[in-house]
Amino acid sequence: MMCRIFLIISLVGWTRCQENQHMTAEEKSIIRDRVVEMFDHAYGSYMKYAYPADELMPLSCRGRVRGQEPNRGDIDDSLGKFSLTLIDTLDTLVVLNKLDEFEDGVKKAVTDVRLDNDVVVSVFETNIRVLGGLLGAHVMADLLRQRGVRMQWYKDQLLDMATELGHRLLPAFNTSSGLPYPKVNLRYGVQNPLSRTGTESDTCTACAGTMILEFAALSRLSGETVFEEHARRALDVLWERRQRGSDLVGTVINIHNGEWVRRDSGVGAGIDSYYEYLMKAYILLGDKVYLDRFNTHYSAIMKYISQPPLLLNVHMHNPTVSARGWMDALLAFFPGLQVLRGDLKPAIETHEMLYQVTKQHKFLPEAFTTEFRVHWGQHLLRPEFAESTYYLYKATGDHYYLRVGQSIAEKLNAYARVPCGFAAVQDVRTGTHEDRMDSFFLAEMFKYLYLLFTEKTQLPIDIDDYIFTTEAHLLPVSLSTTQPSCHGNTTESTGGAQEDEPFTHTCPSTESLFPNNPSFAKSIRDSYKYLTGVGRAVHPSPARETDFPLHDGGMEPLEFLKTMGISLTPLGDLSTGEGRKVLKGVYRVQLVAKVSPTVPEGEVLPHAVQLISPPFLGRTVLTAAPANFGLDLTTREHGVKGSLAKARPYTACAPIQNPAEVRGHIALALRGDCTFAAKARRLQEAGATGVIVIDRRAGSCSQETPLFQMVGDGDSDADVTLPLVFLFGRQGAVLTAAMEEHEKVDVLLAPGDKQPTAGKGDRSAAFDVNLPPAQEEVLPDRAEELTGEPCRCGEDPDL
């Protein structure tokens, strides 16, 4: 044991020594070459196994084509059958000096990619990945053409494609508020009878507020002002709808009336790039109003959300109250944004916290608690931590951040690399992989890692001439001076802006604002280097001893303790080491581990099924019970949305006879005849995106019957990946009646604390149910169609 402790201490000391060690030019060159080799493996695998598909499935070694693989819900809204990964990667090829591959990729994009596909896509993802990718690649192609060495055949084809795509996204802005719909059909727009979209009523703040860089660049490069005008209007609405007392914004907003649907406020998922684009819009476009707005929000963030090194979520109307006890991985971009603003100390503090979490879990989990435990173990190969590492190195010159970047690259190679690319990690605790390699991995991760280990003189472009979009695409900062702004579209001054601080209107400079003084960053980091306990010297904790005076032979107390998981051993007539004897009949227990608090068995977090399509529009909310298998809805920021379809047979205990109707829909299934997990598997095979199980007892109601948790059939239910909820009979009758009356019914599945409240107040409290989770009973007869009156029991105002 002592040897083992010594070895651990030695390794910790070696790691700390490595972290603080100066990195030579030769070492940087070796790591840079390794990053290039990793990129070649990822990009080469995509081109070999997946192109022209949107994404590579690295475990299956084939492309992911929308409609040919099981539906993943909102995740698939990034896929538009437009060779997403190729377009997202083009300007990365230039940064990595792969100019032959870039020219070949541009030719493929111009020849092969279509943007008029009959497919519903995310406006936000299509903007930042595809429109941004086309613009970044056009800027690079135009630069290479002007140099007269290559790309002489290029005639602005990528800009023409970007303009076409911009026009295909514009119908999303056809709302009374000016906030865009979250989805659009590339061929039919929104609200067209053939569009299959346009019923959405809300969008995330980042989704509406992350358009200005790409749309303004498109306007100034194409000369069509309409794009910048719409993006500016959306930002104006978000600014006008901020909470005036706190200057914070919420996470989800109604696109028709501008009312907040979710009022929790932070800097992570749902809001992140809204703040980023306010700051970068000032840098790219030179409009001071964006900086004024950013500084106003930033002061509120530092007052309420930033609790160094943590970044918490708070209620926007009551910002002294925390909204949740966990953080998400997307907030890892924020230290980089703080560097741009010139606020270095909190950037170093938060970055160090994130680094300590990665050392504890190998990667940054998708969500982790304020005690740095895993809340959601997935890691999608997100680049935000590498992004902030790059910014901090450029700001401080501290080689510590080179070592952090080295660690990122080595862990990707060790734990995410597979024969056909790099695979997302399904759970950082187990290291299991997911058949997924998102396009942002190539667009961002390798760009930031390569730049981290490359001198400016080694790059084919002057990187300081460009601003990074949130997807790391390169837009020239010269747009503010060399291209005309939108006439008649100057945003009004915000008023009430705080007095300017030094460097407020200056992009941070590594030569002046941040002198090359590594001791400055180190002095800040040292306070947080043992934050999660990783790296601290190992000292065995002394055993805590408790004497239990039990009567000799009194086995009842012993059996009672045994039921609590405590085993006792009589010590006999041995010395205690404290100069006294152990009395006969006295037992000693050594507590060698702390008992972690757990959720009491039977405590069930109520879930919700909310009817969101017309005429319901979110006003009808049905209380549902959760499942302990399948997709955990508490990890989905906006729940899972979908249209309803009734399974046939209704119990879903035999092969599904209507897969075409079920595919891409949330399926209704009747309880009974087989287990919950068996129903889920059959419906998942049929392509359903979620399952609502309805009680076969028509008169049952959530207000009269305790909620329970649906359980699967053991370890084998890990293959179920869609979400499941349970409705009692009368609540289920509301859905079936709605389906009979209306051609299409859309619902949102969400936990009670995430479901939009529609003005009814928060319903996040859990029910204490002194029952174990219920197993599904197997009933002998097939049930008939569920009938019954809508639930009127109890005092639930939503039913």
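How many residues lie between strand 11 and strand 12 in the hairpin that they form? Select residues 314–315, which are strand 11, together with residues 318–322, which are strand 12. Two residues separate these strands in the hairpin. The pair runs antiparallel and is joined by two bridges; in one of the pairings, His-315 has Asn-318 in strand 12 as its bridge partner.

**The whole chain**

Zoom out before proceeding. The model is predicted, and its chain holds 22 helices and 33 strands. Of the 799 residues, 58% count as buried. Among contacts with a separation of 6 or more, 73% link residues 24 or more positions apart.

**The seven-stranded sheet**

Select strands 26 to 32 next. In the order 27-26-32-28-29-30-31 they build an open sheet of seven strands with mixed pairing. Its edges are strand 27 (620–624) and strand 31 (724–727), each of which pairs on one side only. From one strand to the next, the twist averages 35°.

Within this sheet, display residues 640–646 (strand 28) and 746–751 (strand 32), which pair in the antiparallel sense over four bridges. Val-640 is located opposite Leu-749 of strand 32. Strands in a sheet pair through backbone hydrogen bonds, in either a parallel or an antiparallel manner.

Continue from strand 28 into the loop that leads to helix 20 (659–662), where Pro-649 lies. The peptide bond from Arg-648 to Pro-649 is cis, and its omega is near 5°.

**The three-stranded sheet**

Move to strands 5, 6 and 7, an open sheet in the order 5-6-7 with antiparallel pairing. Strand 5 (202–204) and strand 7 (260–262) are the edge strands, each pairing on one side only. Neighbouring strands here are turned by 35° against each other on average, direction ignored. Strand 6 (residues 252–254) joins strand 7 over two antiparallel bridges, and Ile-253 stands opposite Trp-260 in strand 7.

**A helix pair**

Now select helix 9 (residues 226–240) and helix 11 (residues 288–305), whose axes are 12 Å apart and which pack at an angle of about 30°. Their crossing is left-handed. To see the contact, show Arg-232, Leu-235, Asp-236 and Trp-239 of helix 9 against Tyr-290, Arg-293, Thr-296 and His-297 of helix 11. By class, the residues of this contact are three nonpolar, two polar and three charged.

Stay on helix 9 and colour its buried residues, among them Phe-227, Glu-228, Ala-231 and Val-237. Arg-232, Leu-235, Asp-236 and Trp-239 are also in the buried set. At 1.5 Å a residue, the 15 residues of helix 9 should span 21 Å, and the end C-alpha atoms are indeed 21 Å apart, so expectation and model agree.

**Backbone details**

Go to Pro-309, in the loop between strand 9 (306–307) and strand 10 (310–311). The peptide bond joining Pro-308 to Pro-309 is cis, with omega near 5°.

Two residues with positive phi complete the tour. Ser-83, in the loop between strand 2 (62–64) and helix 3 (84–95), is not a glycine, yet its phi is positive, near 50°. Is Ser-83 buried or exposed? Ser-83 is buried, because its relative accessible area is 4%, below the cut-off of 20%.

Finally, select Lys-362, in the loop between helix 13 (344–361) and strand 14 (367–369). Its phi is about 75°, again a positive value in a residue that is not a glycine. Lys-362 counts as partly exposed, with 37% relative accessibility.

Methods
Residues are numbered from 1 along each chain as its sequence is written. This is a predicted model: local features need pLDDT of at least 70, side-chain atom pairs count only at pLDDT 80 or more; totals for chains, interfaces and linings use all residues. Side-chain values use heavy atoms; hydrogens and water are left out. Two strands pair if DSSP finds at least two bridges between them. Axes are lines fitted to C-alpha atoms, for helices over the stretch in contact, and angles run from 0 to 180 degrees between N-to-C directions. A crossing is left-handed if the near helix is turned anticlockwise from the far one by less than a right angle, and right-handed if clockwise. Contact means heavy atoms within 4.5 Å. Ala, Val, Leu, Ile, Met, Phe, Trp, Tyr, Cys and Pro count as nonpolar, Asp, Glu, Lys and Arg as charged, and the others, Gly among them, as polar. The expected span of a helix is 1.5 Å times one less than its number of residues. Buried means under 20% relative accessible area, exposed over 50%, partly exposed in between (1.4 Å probe, protein chains only).
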